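Reader: I'd like to go through the salt bridges in this one with you. Could you start wherever you think best?

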Amino acid sequence: MGKYNHICELTGSENYPQWRRQITLALKGEGLWQHCSKGTDISDYEEYAIAKPTISNISHPTPDEIKEIREWIKDDAKAKKIICRKISSVVLSLLDEKKSASEQWEILAGHYARVDISSQFELRAQISAEHLKDASDATRYLGAFQNARRRFIEMGATFTDDEAVFMFLEGLPKTVEWKLFKRLTMQTLSFQAVAVSPVTTATTISLYPPIPRPSVFDQVAKLFTDEANSLVSSAKLAGPGSEYVNAAISQAPSGNKTVVTNPTTGIRIHKFNTKGEKEP
């Protein structure tokens, strides 16, 4: 199996987001992403773009300058090789081999990273049709929404937290447990909205930057995961034999004593009849 066989072949706008994500990871894995990135913050080592080195005196380049340029050209060629490895012949015809990796990356983005309205509608329809089957289906259900949110970001389309939360909660089963979860979640979000509302009576200045808060959807996802895990655990605990135990132990009609009976004979178990069997 080839090193990049898992990467899809770029054929057009439809699979550009997936291709871009996979190629970006491949470039990062080889330490070549900086040949395509556009970062200008030198402290951001992952996104800071590596520009082609320049020569201070074109007539008399130093050995170090020549070495640096050659290394950059070599790495840039490696980056272009990765970019062009998984694209169709039609897409490949758009790229000039004399262009740098960054320039080729921008050409592809200009052609295929456009906002496709029909794709947005299709994605919204898909996510609206999602429904949770039961607690054991939680990972798949949550993953579908997380993937949709990522795809909207890649499209440059707006998909708000409120919209995602509404669709997510609407897709839950209509059972008592999930109806209660939905109501409590909405109450929790309402209380939080009131708690973080701006206060005009006093102003405080902090010397430290505010701690970033998780998005509303991420908060709901955490509550949802906890609830699903709880339901799955409860189902496992209520296994064979639990009904037997419940039938064997019952509360006495009066007092605080517990009356234990043999579920087969119905005879009370006590120190003189430890098995609850009919006496001969």
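Author: Bearing in mind that this is a predicted model, a good place to begin is the network of salt bridges that links Lys28, Glu46 and Glu47.

Reader: OK, and how many salt bridges are there by this rule?

Author: The count comes to nine salt bridges, taking as the rule a side-chain nitrogen of Lys or Arg within 4 Å of a carboxyl oxygen of Asp or Glu.

Reader: Which residue does Arg124 meet in a salt bridge?

Author: The partner of Arg124 is Glu163, and their side chains come together at 2.9 Å, N to O. Because Arg124 belongs to helix α5 (residues 117–128) and Glu163 to helix α7 (residues 161–170), this pair ties together parts that are 39 residues apart in sequence.

Reader: What is the relative accessibility of Glu163?

Author: Glu163 has 23% relative accessibility, so this residue counts as partly exposed.

Reader: Moving on, what does Glu170 pair with?

Author: Glu170 forms a salt bridge with Lys182, side chain to side chain, at 2.7 Å from N to O. Here too distant parts of the chain are linked, since Glu170 sits in helix α7 and Lys182, 12 residues apart from it, in helix α8 (residues 176–195).

Reader: Are those two buried or exposed?

Author: In between: Glu170 is partly exposed at 33% relative accessibility, and Lys182 is partly exposed at 26%.

Reader: Different topic: where do Lys222 and Asp226 sit?

Author: Both lie in helix α9 (residues 216–237), and because they are four residues apart there, about one helical turn separates them. Their side chains meet in a salt bridge of 2.7 Å, N to O, and Asp226, at 37% relative accessibility, counts as partly exposed.

Technical notes. Residues numbered from 1 in each chain as written. Predicted model: local features only at pLDDT ≥ 70, side-chain atom pairs only at ≥ 80, totals over all residues. Heavy atoms only, no water. Helix = DSSP H or I, 4+ residues; strand = E, 2+ residues; numbered from the N terminus. Buried < 20%, exposed > 50% of the residue type's maximum accessible area, 1.4 Å probe, protein only.
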